[in-house]
Amino acid sequence: MAIVRLKKDLDVCIQFQLRSGEKAWVRRMRESDLEEVHEMECILFDDPWSFDNFRYEVVRSAVSWPLIAETEYEIIGYAVPWFVTDEMHLANIASSPLYQRQGIAAKLVIVMLDEAMRRSIRIVYLEVRPTNKAAISLYKTFGFETLGIRRRYYRNGENAILMQRFLPEQSSNLFLAD
Ligand SMILES: CC(C)(COP(=O)(O)OP(=O)(O)OC[C@H]1O[C@@H](n2cnc3c(N)ncnc32)[C@H](O)[C@@H]1OP(=O)(O)O)[C@@H](O)C(=O)NCCC(=O)NCCS
C-alpha cells in the first residue's frame, strides 16, 4: 500500500488507500472533528473519554498531538499521543468498526512514531487491557514489548499491560520517507 507524505499541507501527515481503493489520509484533529470522534469513542469503548476530554486535548493541552484518519466522507480513526520531554505516551487510538483491519491504526501509529523520531524521543509507552487482543497484536507488529502490569488501572478495576518501545537515536526517516 503506497503511503505519500504531503509536505505542502501541514495539516495532512500522510495519504493512503483503503482496500476499496478509496483515498484516506491522516491529519491533525480539529475542534470541528470532536463530535464525530466522540461518537466513535462511545461506540468503541465501555469507559469512553468524554467530549471535554477530547476538547482539552485539541484546544488546551500543551503535550497532546491528536490525529484523525478520514476519507472524503467521514472520520475513520483517531489517535492521541502525548509528547512529554523525551517520552511519547500513546493515550488513545481507535478505528471505525466499519473500517477495521484495513491498516488505519497502523497508519496512525506510523505517523505518531515518525513525529516522535522528529522530536528526538527515545521511548514510547502505552497501556492496554489484557483482553484487547487486537490492540496487543497491533502494538506487537510495531515492536512494542511488555514492561509490566499496572494494577487496577482502568475504572472497572481491570489491570493494564504496560508496553514500551525504544526508538533509535536518529532524527527522522525511520517510518516515513521525506
Ligand atoms: C485495535 C484497533 C485500533 C486496530 O485498528 P485497525 O485499524 O483495525 O488495525 P490495522 O488494520 O491497522 O491492523 C494492523 C495490524 O494490527 C493487528 N490487528 C489489528 N486488529 C486485529 C485483530 N482484530 N486481531 C488480530 N490482530 C489484529 C494485525 O497484526 C494487523 O495487521 P494485518 O491486518 O496485516 O494482520 C481497533 O481494533 C479498535 O479500534 N479497537 C477498539 C478500540 C481499542 O481497543 N483501541 C486500543 C486501546 S489500547
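User: In this predicted model, how many nonpolar, polar and charged residues does the shell around the ligand have?

Analyst: The shell is sorted here by residue class. Charged residues number 2 and polar residues number 7. The nonpolar class contributes 10. The shell therefore reads, by the class rule that places Gly among the polar residues, as 10 nonpolar, 7 polar and 2 charged.

User: Which element gives the most residues to the shell around the ligand?

Analyst: The residues that come nearest to the ligand are Ser95, Gln100, Ala105, Ala134 and Ser137, out of 19 around the ligand. Two or more residues of this shell come from each of β6, α3 (104–118) and α4. With 6 residues, the element that gives the most is α4.

User: Is Phe144 buried or exposed?

Analyst: Phe144 is found in the loop between α4 (133–141) and β8 (145–150). A residue is buried if 20 or more other C-beta atoms lie within 10 Å of its own. Phe144 has 22 such neighbours inside 10 Å, and therefore counts as buried.

User: What distance separates the C-alpha atoms of Phe144 and Met163?

Analyst: Leaving aside residues up to four places away in sequence, Phe144 touches Leu126, Tyr139, Met163, Gln164 and Arg165. One of these contacts, Met163, is 19 residues from Phe144 along the chain. The separation of their C-alpha atoms is 5.9 Å.

User: Why do Leu34, Val37 and Met40 lie on the same side of α1?

Analyst: These three residues are buried in helix α1, which spans residues 34–44. An α-helix has 3.6 residues a turn, so residues three or four places apart point the same way. On the other side of α1, Glu35 and Ile43 are exposed. Leu34, Val37 and Met40 share a side because the arc they cover around the axis is only 130°.

User: Which elements do the buried residues of α1 pack against?

Analyst: The buried residues of α1 include Leu34, Val37 and Met40. Their packing partners comprise one helix and three strands. The elements are α2 (51–59), β4 (67–70), β5 (75–84) and β6 (87–95).

User: What pattern does the protein follow along the sequence?

Analyst: The protein has 4 helices and 9 strands. Buried residues make up 30% of its 178 residues. Among contacts between residues at least 6 apart in sequence, 53% join residues at least 24 apart. Read along the sequence, the pattern is β-β-β-α-α-β-β-β-α-β-α-β-β.

Definitions and conventions: Residues numbered from 1 in each chain as written. Predicted model: local features only at pLDDT ≥ 70, side-chain atom pairs only at ≥ 80, totals over all residues. Buried ≥ 20, exposed ≤ 12 C-beta atoms within 10 Å, placed from the backbone. Arc of directions from axis to C-beta. Contact = placed C-beta atoms within 7 Å. Near = placed C-beta within 6 Å.
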